[in-house]
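Colleague: I would like a close look at a single part of this model, the largest nonpolar core, with enough of its surroundings for a first-year student to follow. Could you take me through it in one connected account?

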Amino acid sequence: MDQQPDIFSYLPDLVFALSAIGIGVLASIFLYWLLNFLVNLFPRRVASALQPYAFIAPVLALVGGFLVWPTIQTIYLSFTTTDPDTGEQKFSGFDNFNSLFGDTDFLSTLFNNLLWILVVPAASVVLGLLIATVSNNVGPIREKVAKSIIFLPMAISFVAASTMWRFLYNYDAGNVQVGLLNAIVTGLGGNAVPWMQITNFKLNDLLLMVIVIWLNTGFSMVLLSAAIKAVPEETVEAAAIDGATGRQTFFKIVLPQIRATAVSVFITVLIGVMKIFDVVYAMTGGNFDTNVLGVAFIKNYFEFGDTGKASAIVVLLMLAIIPIMIYQVYSYRKQEELR
Amino acid sequence: MSRTLTFATRLKKFRLGSSLTLLALVILWLIPTVGLFVTAFRNKDDAYSSGWWTAIFSPLTQHWTIDPFTQALNANNLVSSFISTVAVAVPATILPIMFAAFAAYGFTFLSFKGKEVWFAIIIGLMVVPMQAALVPVLQLFVGFDSWIGDLQMNNPALFQWIPFWDPNYPWHITGEYPAGWIVHSAFAMPLAVYILRNYMMTLPHALIEAARVDGASYYQIFWKLVIPMSVPALASFAIFQFLWVWNDYLVAFVFVGNHPVLTYTLLSMLGQYNQGWQIVAAGSFFTLIVPVVVFFGLQRYFVRGLTAGSVK
């Protein structure tokens with residue numbers, strides 16, 4: 001690209017993008033039309049038996065071919081290593097797992113992930129609940145404005161969020177600190193600190209988590225606020241008449257009624273945090289003892305070309321997710337029984 | 001009587017406390033956004049000689065400028081990244097919605113063998129991380145490319161009649177838009193089917209049955225009845241998916257490498273400190289315009305979709 005591109009230099013890109021969009025969409029409309037057409041070539045009885053599959057088959061094919069089957073392949077790959085001579089994957093049993101668990105760096109990566117799981121979902125739910133509760137008492141206009149502002153980070157990418165937070169966490173070797181946190185520290189008479197490199201008490205890790213909590217709290221707040229508003233007025237009034245304090249009303253009356261929502265928010269954030277990647281990748285690249293599974297996976301595959309180890313890392317991640325998966329299916333079944 | 005009075009006063013006290021707590025939280029939440037916004041309009045000397053908050057507290061001593069924007073746009077292919085991002089995000093939003101709507105319709109209104117089991121599997125797949133499938137899918141695309149590349153090299157006669165086909169640029173999928181569409185669609189599918197099916201369950205079955213009696217095919221009913229009635233759910237999922245794809249880094253980085261998207265370009269700008277803070281800030285600001293406009297413009301649908309999906 002030259003220094004001063006005029007609008008016409010983008011024309012090929014634009015034309016290509018637009019035609020790609022058009023062709024992609026038309027092709028899939030045509031796919032469904034074709035499937036429906038083919039089904040109806042059959043005699044009526046057969047056609048009506050095949051009809052449902054004309055609707056769900058593309059999804060089953062897409063999910064089967066690009067989600068389920070590759071996942072199975074990943075599990076297989078986790079038991080292989082790359083042959084240095086032929087470049088092929090050779091079965092090697094538990095070698096990848098053994099070498100991962102023998103590596104202290106990887107153990108600290110696992111520990112970091114555990115820390116993320118312990119801190120971020122709980123903090124997001126508690127903060128979301130706090131904001132949902134207090135915003136319920138301040139009147140509609142203030143509530144609306146405050147909620148919009150706190151919800152806004154939902155629209156921001158992890159990468160853009162990382163650039164924003166650099167204006168807080170930045171460290172300059174010189175005298176002038178343009179990062180807010182260091183300006184406060186030096187303003188109070190302290191010395192500027194390279195925040196992203198402080199591993200004491202996992203400080204750098206915790207500061208990264210703050211970014212993700214900042215991003216997730218809005219989501220948690222919106223859902224919990226809706227749940228709080230759905231709590232029947234009578235139950236709260238009855239508690240007040242019975243002389244319950246505000247605190248008692250909250251913990252004994254409101255909280256039990258929004259528990260299901262809180263759990264579902266917790267799990268949604270938890271799943272997101274388990275595979276956290278972008279923020280760590282953009283802020284520290286996994287250095288300074290902040291590595292997590294998502295970053296370790298990408299590094300092993302793209303930087304070290306170690307397909308087997310990268311796959312083993314993902315398998316460990318999936319093992320951690322299986323209990324959540326069982327819970328999801330179980331609660332879906334329970335919900336269906338209630339219908 | 002006295003008891004209700006004390007409760008009312010307590011509530012009023014609580015209201016003041018609530019307002020102050022909320023105000024404090026809102027200020028905290030705004031700090032990163034304001035920092036970015038302010039820095040994007042400062043000149044380089046200002047950005048390096050003082051923190052962005054000085055620009056807020058003494059705005060008159062600042063050299064306000066839009067230079068960071070022109071510099072960011074000229075030097076970093078941000079405009080072409082913007083086009084690439086649109087080309088990834090728009091089909092990666094429309095396609096999964098259409099696929100999922102068809103499947104949700106099948107799961108809601110048609111009966112077939114193993115329906116419950118298929119659906120339970122889809123629910124379980126909602127939580128599978130995309131990293132799980134990433135490597136084999138990439139290998140699949142690469143394998144496809146070498147197959148179709150050989151085919152084009154060895155049998156050019158098969159392809160020569162196709163307009164725009166150029167043997168020097170053989171067809172391939174890795175690194176191109178369709179790879180991103182397929183991967184985004186596949187990973188969005190479980191959640192999309194789940195949300196749309198939950199919504200379609202609330203539509204009146206009697207209406208669909210009446211249309212059947214009148215001789216409409218299931219295909220016609222889908223386009224003429226179910227889709228128009230499902231617009232709220234379709235809209236809220238569309239917003240959700242669009243924001244997700246627009247803000248995604250991983251899939252774009254791995255699968256659409258030939259067309260750098262905004263997150264990719266922004267991350268590479270972050271790696272080049274010599275560019276200057278104000279330019280990075282302006283670049284970030286530029287990547288945020290579309291998602292923030294979509295978000296505020298359609299927030300109502302977005303919130304409705306979120307709450308409909310989870311609070312039940």
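Modeller: Domain bounds, which I shall need in a moment, come from an automatic or database domain assignment. This is a predicted model, and for chain A that assignment gives domain 1 (7-77) and domain 2 (104-338). The centres of domain 1 of chain A and domain 2 of chain A, taken over C-alpha atoms, are separated by 35 Å.

Now to the core itself, for which it helps to know that a nonpolar core is a set of buried residues of certain nonpolar kinds joined through C-beta atoms within 7 Å. The largest such core has 185 residues, and the members that touch the most others are B:Ala100, B:Met189, B:Val193 and B:Leu196. Helix α5 (residues 78-109) of chain B gives the most to this core, with 21 residues, while at least three residues are drawn from each of domain 1 (7-77) and domain 2 (104-338) of chain A. If we follow B:Leu196 and leave aside its neighbours within four places in sequence, we find B:Leu196 in contact with B:Ala100, B:Ala101 and B:Ala104, and also with B:Ser230, B:Ala233 and B:Phe237.

With residues of both chains in view, we can turn to where the chains meet. The contact takes 96 residues from chain B and 89 residues from chain A. On the side of chain B that touches chain A, the largest share, 19 residues, comes from helix α1 (residues 2-39) of chain B. By class, that side of chain B has 70 nonpolar, 23 polar and three charged residues.

Chain A, for its part, has 14 helices and two strands, and 40% of its 339 residues count as buried. Its radius of gyration is 26 Å, whereas a compact globule of 339 residues would have one near 20 Å. Among the contacts in chain A between residues at least 6 apart in sequence, 62% join residues at least 24 apart.

Finally, a word on confidence. The model scores ipTM 0.90 and pTM 0.91, and chain B averages a pLDDT of 87, with 93% of the residues scoring at least 70. Within chain B, confidence is highest in helix α13 (residues 250-255) of chain B, at a mean of 94, and lowest in helix α16 (residues 299-310) of chain B, at 73. Where pLDDT is low, the predicted coordinates should not be read in detail.

Notes. Residues are numbered from 1 along each chain as its sequence is written. Chains are lettered from A and ligands numbered from 1 in the order in which they are written. This is a predicted model: local features need pLDDT of at least 70, side-chain atom pairs count only at pLDDT 80 or more; totals for chains, interfaces and linings use all residues. Two residues are in contact if their C-beta atoms, placed from the backbone, lie within 7 Å. Helices (H or I, at least four residues) and strands (E, at least two) are DSSP runs, numbered from the N terminus. Ala, Val, Leu, Ile, Met, Phe, Trp, Tyr, Cys and Pro count as nonpolar, Asp, Glu, Lys and Arg as charged, and the others, Gly among them, as polar. The radius of gyration is taken over C-alpha atoms; the globule rule is 2.2 Å times the number of residues to the power 0.38. A residue is buried if 20 or more other C-beta atoms lie within 10 Å of its own, exposed if 12 or fewer, and partly exposed in between; C-beta atoms are placed from the backbone. pLDDT is the predictor's confidence in each residue, from 0 to 100.
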